[in-house]
Amino acid sequence: MSLESPPPGGGVQGGSGWDSPPVKVAFTTLGCKLNQYDTTELQALLEARGFRTVPFDEQAELYVINTCTVTARADYSDRQAIRRAIARNPEALVVVTGCYAQTNPDAVAAIPGVDLVLGVHDKYALPDLLAGLRKRVQPRVRVSDVFQPRAMPAIPLRRFAPGYTRAFVKVQDGCQHRCSFCIVPFARGGSRSQPLDIVVAQVEQLVAAGYGEVVLTGVDLGHYGWDLIPRLSLAGLVRRLLDVRGLGRLRLSSILPAYFTPELIETIAGEPRVCRHLHVPLQAGTDRVLRAMRRPYNVRLYRLLIERLADALPDLGLGTDVITGFPGETAEEFAGTEALVTALPFTYLHVFSYSDRRGTEAARLETPRVPPEEVHRRTARLRRLGATKQAGFRRAHVGRVVEVLVLEHRNRDRALVGLTGNYLEVAFEGLDALMRGFARVRVVDPGGEQLRGAPTGDA
C-alpha cells in the first residue's frame, strides 16, 4: 500500500483533479472536542496549501473523516460517515484519520472507496501525502506506533470554522492511565503537554481575533505540565493565561478527581473569569466496580471532592460521565451508582452503555455480561435522572441576571442564544450586533433545553 507517482502534469486521476485549484475539501468530525480541534488543525494546514473548505454535505474533490472509537456505536457512526462521503462523490479522494483509524486501520482500509488511512500522529503529513495520490483499489495505510515518544505539534490557529464563537486550545494529548474499559490510550498514546510559551501565544492570537472565551482541552487535562521541564501544573497554566490581555473567559474541560489539588481549586475559586463549570468523570458509584475499572479513586474520595467543589464554587455547573452495564455490574451496584448520582449536585450527566473495546482489559474479562436489555434500561434511568437534575438547575436561575457570551447563531425561533459561565444556554431577543460579545440577561423562564431571558440593557 504505497502512494504512486503523479501522472504527467500532476493531478488526481478520476474526479476533477488538482490542476484546477482551489481544490474543494470537506471535513467531518466524530467524537470529542479534542477531535474537533484536530480537524481545525488539518483544515488550517490544507487551506495554507490553497485548498478551499466546503460543507461536508456538498460535492468535494477531497473528503477527510476524523473518527472516534470510544464506543461500538462510535465505530458504527464512523463507517456511516465514510460511506456517505464515498456516495456523495465516488470519484473524490477519501481520507480517514482519528482514533478508529489508529486502532483498527484494517477495518477502515477494507471499506471500498477509502484512499488513505492515517493514524493520529500521521495525520499532520496529509498535505504532503496528497501530492500524486490517486484512487486505487487498495488504499495507502500510514499508522505509526502511538506509544513512540514525540512532542505535540504546534500549529497556530487564528480562527475556527464559521459558527464557532468560542476558541478551543489543545494543551495536552494522550493518557498515562490504563482504565480497564478505555481504548483512548491505545488511540492517543502517552500523555504529553504543549509547552507553556506555545499555549500562551496561541491564546493571545485567538483573543486578538475576537474570541471571548477560550476552552482548554486535553485527553487527560489535569496531567498538564507533568512531563515538561521544568515541571508545570494546570493551576500554573491557568494563572499564566489569566494574564493575557483581553481574555474574557477561560473554561476547563474534563478533569479527573485526583488532579483537583488545593492550588487548582483556589485558582478557580479566586478568579471570576474561570468558568464555574467543571466536568469530573465518575463512571461508577460503587468501589468494587471502580476497582474493576481501574479508576484511581473510591466513592468516599469522590464524594468529598464534589462536596468541596460545590462549597467553593457557588452556582457551579457540574457534569460527570457514567458507564452502565460494566461486566459483572449487579442490580445492587447499579442502584448504588444511581443513589450516589442522585445525592451529588450534578447539573448534567453523560451516560454511556458499556461496550467491549478490542485490546482493553475489560474486553477480556470472563465476568458475565449484563444483558443488553438491562443495560438499555439502566442507561435510560440515568439519562432521565440527568434530565431531572438539569431541569432543576435551570429553574434555580429564574429571576437571576446572568452574563452570557452571545453565540454566533440563532435558535429555531430566531432568538439569540447566550452561554453562561456555568454552561446554560439562554435564548433572548436582540440584534445580530450582540453576537460574539458579552451581554447581561435576566432569566424569565426555565424553558426546555434553553432558558428564556430578556436583555437588561446593561453592558
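Which side chains meet in a salt bridge at 2.8 Å, N to O? Those of Glu 374 and Arg 378 do. A salt bridge here is a side-chain nitrogen of Lys or Arg within 4 Å of a carboxyl oxygen of Asp or Glu. Being four residues apart in helix H13, the two are separated by about one helical turn. Arg 378 is buried, with a relative accessible area of 4%; buried means under 20%, exposed over 50% and partly exposed in between (1.4 Å probe, protein chains only).

A word on the ground rules. This is a predicted model, in which local features need pLDDT of at least 70 and side-chain atom pairs count only at pLDDT 80 or more, while totals for chains, interfaces and linings use all residues. Residues are numbered from 1 along each chain as its sequence is written, and side-chain values use heavy atoms, with hydrogens and water left out. Helices (H or I, at least four residues) and strands (E, at least two) are DSSP runs, numbered from the N terminus.

**Salt bridges**

The count comes to 27 salt bridges. Here are three of them.

| Pair | Closest N to O |
|---|---|
| Glu 374 and Arg 378 | 2.8 Å |
| Glu 361 and Arg 294 | 2.7 Å |
| Arg 452 and Glu 429 | 3.9 Å |

Glu 361 sits in the loop between S14 and H13, and Arg 294 in the loop between helix H10 (287-293) and helix H11 (299-312), so their bridge ties together parts that are 67 residues apart in sequence. Glu 361 is partly exposed, at 28% relative accessibility.

Arg 452 belongs to strand S19 (residues 451-455) and Glu 429 to the loop between strand S17 (425-428) and strand S18 (438-445), so this pair ties together parts 23 residues apart in sequence. Both ends are partly exposed: Arg 452 at 29% and Glu 429 at 48%.

There is also a network of salt bridges that links Asp 38, Glu 41, Lys 123, Lys 170, Asp 173, Arg 188 and Arg 192.

**Helix H1 and its aromatic neighbours**

Asp 38 and Glu 41 are among the buried residues of H1, as is Tyr 37. H1 (residues 33-48) has 16 residues, which should span 22 Å at 1.5 Å a residue (times one less than the number of residues); its end C-alpha atoms are 23 Å apart, which agrees. Gly 50 follows H1 and has a positive phi, near 100 degrees.

The structure holds twelve aromatic pairs. Rings of Phe, Tyr and Trp (its six-membered ring) pair if their centres lie within 6.5 Å, and planes under 30 degrees apart count as stacked, over 60 as edge-to-face and the rest as tilted. The rings of Tyr 37 and Phe 160 have centres 6.3 Å apart and planes at 50 degrees, so the pair is tilted. Phe 160 lies in the loop between strand S6 (140-142) and strand S7 (167-170), 123 residues from Tyr 37. Phe 160 and Phe 168, with centres 6.4 Å apart and planes at 70 degrees, make an edge-to-face pair. Phe 160 is buried at 5%, and Phe 168 is buried at 6%. Together with Tyr 164 and Tyr 211, the residues Tyr 37, Phe 160 and Phe 168 form one aromatic cluster.

**The second largest pocket**

A pocket is an open set of points on a 1 Å grid over the protein atoms alone, where a 1.4 Å probe fits, with protein on both sides within 12 Å along at least five of seven lines; lining residues have an atom within 4 Å of a point. The second largest pocket has a volume of about 510 Å³, volume being the space filled by probe spheres set on the points. Of its 20 lining residues, the closest to the centre are Arg 73, Phe 352, Ser 353, Tyr 354 and Arg 383. H13 gives the largest share of the lining, six residues.
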